[in-house]
Every structure is written in structure tokens, then in C-alpha cells.
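Thanks for coming. I will go through one sheet and the helices around it, so please have the structure open.

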Amino acid sequence: MSDSLLQFKNVSKNYYGNSVLTGINFDVKEGEIHALIGENGAGKSTLMNILFGMPVITSTGGYEGDVLIDGKKISFKSPHEAMYAGIGMVHQEFMLIPGFSITENIKINREITTQNVVSRVLGKRLETLDMVTMNADARKALDKLDMGVDEFIMVAGLPVGHMQFVEIARELDKRHIRLLVLDEPTAVLTESDADKLLESIKILTDKGISVLFITHRLDEVMKVSDKIVVLRDG
């Protein structure tokens, strides 16, 4: 068993003869905030695509080198496989449905249902949503971030900062989350919301969750990071 949760060993990637990553080596330990920085085009997105098994990697010949979880070599073929391994990601662009409540956004595609008279005859797709249990799960995820907003309110009209926290809460609600990748999480936040988010990141790592923090804001990097990796021209 390795003392590192995630390791990249000599990872390289070429797109049709164009080298975009060359010999990447670093590791992320449990409960660590690990910053990944670099200018646009440095290779950050490609490295995350490799980690999450994105089709753009597998359809272009894969990659060289090894990615390891708990010291064991992995090669995810889809983001679902990464999710099942306990890896979550919050993208810079919001992926929330405004007409849904916070709970519904947190539980989307992982809804909890109960049988009813119709579903017993016509199948699971017509089961009733168990909103009591779903609200309870959403509340737990929001509490991990020390977020006081009610879980049953609609996403439409929420402040931008609250939306970012809902995105993170959705990842935390997934089972056995161990590593959370945050891609420019403060890019759209006010200074006060960004400070609150950084505090929440520290709360997560105190619970043993590792954070891979991708950002351009060097003041934030210096404030919260345990380690820093700089990518430059792959």
C-alpha cells in the first residue's frame, strides 16, 4: 500500500505527433491540498482528461506512463470509472439546472426512489422520489462545507458563490469521495466568497479528502496549498 493516494509516473501524451505532456511525475497524499498551476496550453486539462478516462484520450491512442491509486496502476476508460474509484471534479463552468432545487441538483442521476402501485406494474422508472432521504443527504453534503442555505430552495436566483458550493456539495455526496479536483473554482467568485471557499477546502482535507486545486491565482495557491506543481509546455 502506497502512502500516496494518487501518483503520476512518467506520464506523456501525444496528439498526432504533437507532444502535449512529457514525463509528468508527482503524487498527491491523503488529506493534502495539491495545487496544479500553469498558463493556458500548459497541459493541465490533458492531464485531468487522462485521470478521468475521457474519450478524447482513449480515442487518440491513450497515453504513456502510469497513473496509480493507492499504489495500484489504473487506466480508467470513462469518467464513471473514476467516479466509482472516489474521484470527483468540479468544473469552472456551472452544470446546475436552474429549475431544480439544490437537493435535486446534488442528487441528479443518483436519485433515491421508492416503489408505488404504478411502478410495481410498469417498472422502476415510475417510482416515487424519496425527497425526505434525498434532502437529508443534501443537507449532510452542504454541512461539510459549512453552508447554511436550505437544501430545498431552487437554484435559480442563488448568488454565484452559492452555486459553486452546490457544485462541490454534489461531488461530496457521491459515495466514498477521496479526491476532489477543483478546476478554477474561484474564477467567478467575489473575494469574500473565494475566501470562504478556501476555508471549506481546508475543512475537506481535515476530513481526509485530498484536493487537486487548479488555479491561476497565485495568492490562493500560497495561502492553502501543501504542495505546488507547475506545468510548463507539457
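**The sheet and its neighbours**

I start with one pair of residues: Val 90 sits opposite Leu 182, a residue of β9. Bear in mind that this is a predicted model.

The same two strands give another pair, with Ile 87 opposite Leu 179 of β9. Between β6 and β9 there are 4 bridges in all, and the pairing is parallel.

Now the other neighbour of β9. Strand β10, residues 210-214, pairs with β9 over 5 bridges, again in the parallel sense. Here Leu 182 has Phe 213 of β10 as its bridge partner.

What is the order of the strands in the open sheet? It runs β6-β9-β10-β3-β11, 5 strands with parallel pairing. The edges are β6 and β11 (227-230), each of which pairs on one side only. On average, neighbouring strands of this sheet are turned by 20° against each other, ignoring direction.

Next, the helices that lie on the sheet. Helix α1, residues 44-51, packs on it and touches β3 (33-37), β6, β9 and β10. The direction of α1 makes about 130° with that of β3. Helix α8 lies across β3, β9 and β10, and runs at about 150° to β10. Together, β9, α8 and β10 form a β-α-β unit, and this unit is right-handed.

Back to β9 itself. Are its two faces covered or open? Both are covered: Leu 179, Val 181 and Asp 183 are buried on one side, Leu 180 and Leu 182 on the other. In a regular strand, side chains alternate between the two faces of the sheet. With 5 of its 5 residues under 20% relative accessible area, that is, buried, β9 is therefore largely enclosed by the rest of the structure.

Last, helix α7, residues 160-172. Its 13 residues should span 18 Å at 1.5 Å a residue, and the end C-alpha atoms are 19 Å apart, which agrees.

Why is α7 described as largely enclosed by the rest of the structure? Because 11 of its 13 residues are buried. Among them are Gly 161, Phe 165, Ile 168 and Leu 172, but also Gln 164, Glu 167, Arg 170 and Glu 171. The cover over the buried residues of α7 includes two strands we have already met, β6 (87-90) and β9 (179-183). It also includes the helices α4 (102-106), α6 (131-144) and α8 (191-206).

That is the last item on my list.

Methods. Residues are numbered from 1 along each chain as its sequence is written. This is a predicted model: local features need pLDDT of at least 70, side-chain atom pairs count only at pLDDT 80 or more; totals for chains, interfaces and linings use all residues. Side-chain values use heavy atoms; hydrogens and water are left out. The expected span of a helix is 1.5 Å times one less than its number of residues. Buried means under 20% relative accessible area, exposed over 50%, partly exposed in between (1.4 Å probe, protein chains only). Contact means heavy atoms within 4.5 Å. Two strands pair if DSSP finds at least two bridges between them. A crossover is right-handed if, with the strands pointing away from the viewer, the path from the first strand over the helix to the second runs clockwise. Axes are lines fitted to C-alpha atoms, for helices over the stretch in contact, and angles run from 0 to 180 degrees between N-to-C directions.
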